[in-house]
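Welcome, and please open your viewer. We will go from stop to stop, selecting a few residues each time and looking at what is there.

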Amino acid sequence: MMKPASPIEDFSRLADYLGEHKIKRTAAVAWPEDDHTRDAVEKAANAGFLNPIMIGSEATTDRYKGRFSTLTADSPEDASEQSVRLVQEGEAQVLMKGFVNTDVLLRAVLNKEKGILPKGKVLTHVSAAMISNYHKLLFFTDPAVIPYPTQEQRVAQVEYIVNICHKFHVACPKVSLIHCTEKPDERHFPFTVGYEEIKRMAREGKFGTCIVDGPLDLKTSCSPEALQAKKIASPIEGDADALVFPDIEAGNVFYKTITLFAQTETAAVLQGTKVPVVLPSRGDSVQSKFYSLALATLITTDNEQDL
């Protein structure tokens, strides 16, 4: 019987893992007209896990001819549409946003006739964070896409984030449904009542092997000492692998706080789409974009097939 793979608990291990298992994917890079995007893509290609298709201006495609595949685009809109077409045709397994406004790329991604969001799928944003004083990667959703998730959307968020944790070989992810207190509050926060249904679904195996609990606040989710001090019993045990935030405001503030004050490296992708979409901010670091490409590459794999 094959020994289960060890969890991938930091980003450097992620890049090494992709190399060790010779995992490589093709990425359509929409409008790589900035140095950060180019540097991240070149770094991923040099690391051996990415085969880029650079879809940009004539100056950019001339720069990469003979090294990477290239397609010339007239504008960010054209580059976005060409990138989505490559995914639709099966030529790319990852899509990356370059120096393009998010709304421009999303128009192509969400186009009802030519887009890559299958009917019935929920589009959401999942991040992974390597926080300096946390002992493993921490996944969370959604700081960027869904303003106020419905119950259906929150169920999808849990499903996606558990799947990503499994791709990182976390055998039984601990997923915390975040709130400002540890008690459901139907009057002021009616969505917390829906947490009970999500926990029931987890117990019934709807998300695969995982533990889901909540509402819990951030400290009781990630600190055994805080959990003990509050005398709260939770199967999360202050050792969360993943956090599901109640809304975009909470998720976005958390994201900005950890990256500004806690020396945090992040990676992020859109989920629900036909392939992972790397949707960084234009101001994100080269390292963050590189890690996002590595994350996107890993989650396209079938673990049994690629081990």
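Helices (H or I, at least four residues) and strands (E, at least two) on this tour are DSSP runs, numbered from the N terminus. The model is predicted, so to speak of local features a pLDDT of at least 70 is needed, side-chain atom pairs count only at pLDDT 80 or more, and totals for chains, interfaces and linings use all residues. Residues are numbered from 1 along each chain as its sequence is written, and side-chain values use heavy atoms, with hydrogens and water left out.

**Stop 1: threonine 273**

Select threonine 273, in the loop between β10 (265–271) and β11 (277–278). Is threonine 273 buried or exposed? With a relative accessible area of 11%, threonine 273 is buried; the word buried means under 20% relative accessible area, exposed means over 50%, and partly exposed lies in between (1.4 Å probe, protein chains only).

Now show what surrounds threonine 273. Contact here means heavy atoms within 4.5 Å. Not counting residues up to four places away in sequence, threonine 273 touches Val109, Ile116, Leu117, Pro118 and Leu123. Add valine 275 as well: its backbone oxygen lies 2.6 Å from a polar atom of the threonine 273 side chain.

**Stop 2: helix α5**

One of those neighbours of threonine 273, Val109, leads to the next selection. Select helix α5 (residues 102–109), where the buried residues are Val104, Leu105, Leu106, Ala108 and Val109. What do the buried residues of α5 pack against? Their partners are β1 (25–30), α4 (76–88), β4 (94–97), β10 and β11.

**Stop 3: two domains**

Zoom out and colour by domain. The domain assignment gives domain 1 (9–121 + 273–306) and domain 2 (128–265); such bounds come from an automatic or database domain assignment. The contact takes 17 residues from domain 1 and 14 residues from domain 2. Taken over C-alpha atoms, the centres of domain 1 and domain 2 are separated by 27 Å.

About 1,300 Å² is buried between domain 1 and domain 2, and carbon and sulfur atoms give 64% of that area. Buried area is the accessible area (1.4 Å probe) that two parts lose on being put together, summed over both. How many salt bridges are there between domain 1 and domain 2? The count is 0, a salt bridge being a side-chain nitrogen of Lys or Arg within 4 Å of a carboxyl oxygen of Asp or Glu. Across the interface of domain 1 and domain 2 there are 3 residue pairs in polar contact, both residues at pLDDT 80 or more. A polar contact is a pair of N or O atoms within 3.5 Å; within protein, one must be able to donate a hydrogen and the other to accept it, and residues adjacent in sequence count only if both atoms are side-chain atoms.

On the side of domain 1 that touches domain 2, select α1 (11–20) and α11 (286–299), the elements that give two or more residues to it. α11 gives the most, with 6 residues.

**Stop 4: salt bridges**

The structure holds 18 salt bridges. Select glutamate 20 and arginine 13, which form one with the closest N and O atoms 3.0 Å apart; arginine 13 is partly exposed at 31% relative accessible area.

Next, select lysine 136 and aspartate 239, whose closest N and O atoms are 3.2 Å apart in their salt bridge. Lysine 136 lies in the loop between β5 (124–130) and β6 (138–141) and aspartate 239 in the loop between α9 (224–229) and β9 (242–244), so the pair ties together parts that are 103 residues apart in sequence. Lysine 136 is buried, at 9%. Add Lys174, Glu237 and Asp241 to see a network of salt bridges that also includes Lys136 and Asp239.

**Stop 5: proline 7**

Finish with proline 7, in the segment before α1. Proline 7 counts as partly exposed, at 40% relative accessibility. Which residues is proline 7 in contact with, leaving aside its neighbours within four places in sequence? They are Phe168, His169 and Val170. Proline 7 and phenylalanine 168 are 161 residues apart along the chain, and their C-alpha atoms are separated by 5.8 Å.
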